[in-house]
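Me: I am new to this structure and would like to be guided through it. Please take my questions in turn.

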Amino acid sequence: MRFQPRSELPSTSGKAEAIAATGATLAFDATGGGKLAGQILSCMEAALNRNAAEYSRYGSTTHKQVYIYGGLDTGPTEFNRNFGMAWGMGGWLLFPFLQKIGPAAAQALKQRVAAQLKTTFASRYAGEVSLAQALQLERIAVYGKRATGAKYLINPNQDAA
């Protein structure tokens, strides 16, 4: 699954449909700032309320959670609290998670990534730069952008051009 720029994201109703179809109550936000995390929580609440037997001013009792793990958007995370009272929003980092689950589980996840490196966990790069090029200001301006589809591979074995 690739990250979609905000301009490509489905409308809020499209997100609600996808969440309703999957029953998702847990999500990860790679962008960090902006309105996406709040929109996801709102859509989760809307999906849960479709089948509610009765109205509650406090919203559904099902806990909804969004983890922010990226920082493409360094602006504030914004949300309108229209998703009830059973919700959470927090940060998520890989290495503390691996420490928490212990060596055996971490090794199993590493093996899964290694086995699926060319499929599920494949990376695509907009370009490749040598280590020497990575120190050039004009190159830094290009590979240092925080943008979807603009990931660069720094290859220390590549000759500088």
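The questions and replies below concern this predicted model.

Me: In what order do the helices and strands of the chain run from the N terminus on?
Reply: The chain holds 4 helices and 7 strands. Read from the N terminus on, these elements follow the order α-β-β-α-β-β-β-α-β-α-β.

Me: What radius of gyration does the chain have?
Reply: The C-alpha atoms fill a box of roughly 65 × 40 × 25 Å along the principal axes. For a compact globule of 161 residues, a value near 15 Å would apply, but the chain has a radius of gyration of 20 Å.

Me: What percentage of the residues of the chain count as buried?
Reply: The chain exposes about 11100 Å², and carbon and sulfur atoms supply 56% of that area. A residue is called buried when its relative accessible area is under 20%. Of the 161 residues, the share that meets this cut-off is 25%.

Me: Is Thr31 buried or exposed?
Reply: Thr31 sits in the loop between strand S1 (26-29) and strand S2 (32-34). The side chain of Thr31 is joined to that of Asp29 by a polar contact of 2.5 Å. Because its relative accessible area is 2%, Thr31 is classed as buried.

Me: How far apart in space are Thr31 and Arg146, C-alpha to C-alpha?
Reply: Among contacts between residues at least 6 apart in sequence, 70% join residues at least 24 apart. Thr31 and Arg146 are 115 residues apart in sequence, yet their C-alpha atoms are separated in space by 9.7 Å.

Me: The backbone nitrogen of which residue lies 2.7 Å from a polar atom of the side chain of Glu45?
Reply: Glu45 belongs to helix H2 (residues 36-49). With a relative accessible area of 3%, Glu45 is buried. Beyond its neighbours within four places in sequence, Glu45 is in contact with Gly59, Ser60, Lys64, Asn82, Phe83 and Gly84. The backbone nitrogen at 2.7 Å from a polar atom of the Glu45 side chain is that of Ser60.

Me: Why can Leu94 be called partly exposed?
Reply: Leu94 lies in helix H3, which covers residues 94-115. The term partly exposed applies between the limits of 20% and 50% relative accessible area. Leu94 falls in this class because its relative accessible area is 41%.

Me: About what area does the nonpolar surface patch that includes Leu94 have?
Reply: Leu94 makes this patch together with Phe95, Phe97 and Leu109. The area of the patch is about 370 Å².

Notes: Residues numbered from 1 in each chain as written. Predicted model: local features only at pLDDT ≥ 70, side-chain atom pairs only at ≥ 80, totals over all residues. Heavy atoms only, no water. Patch = residues over 30% accessible without salt bridge, like charges linked within 9 Å, V, L, I, M, F, W, Y side chains within 5 Å. Areas by Shrake-Rupley, 256 points an atom, 1.4 Å probe, with all protein chains shown as cover. Salt bridge = Lys/Arg side-chain N within 4 Å of Asp/Glu carboxyl O. Helix = DSSP H or I, 4+ residues; strand = E, 2+ residues; numbered from the N terminus. Buried < 20%, exposed > 50% of the residue type's maximum accessible area, 1.4 Å probe, protein only. Rg over C-alpha atoms; globule rule 2.2 N^0.38 Å. Contact = heavy atoms within 4.5 Å. Polar contact = N/O pair within 3.5 Å; in protein donor to acceptor, adjacent residues only side chain to side chain.
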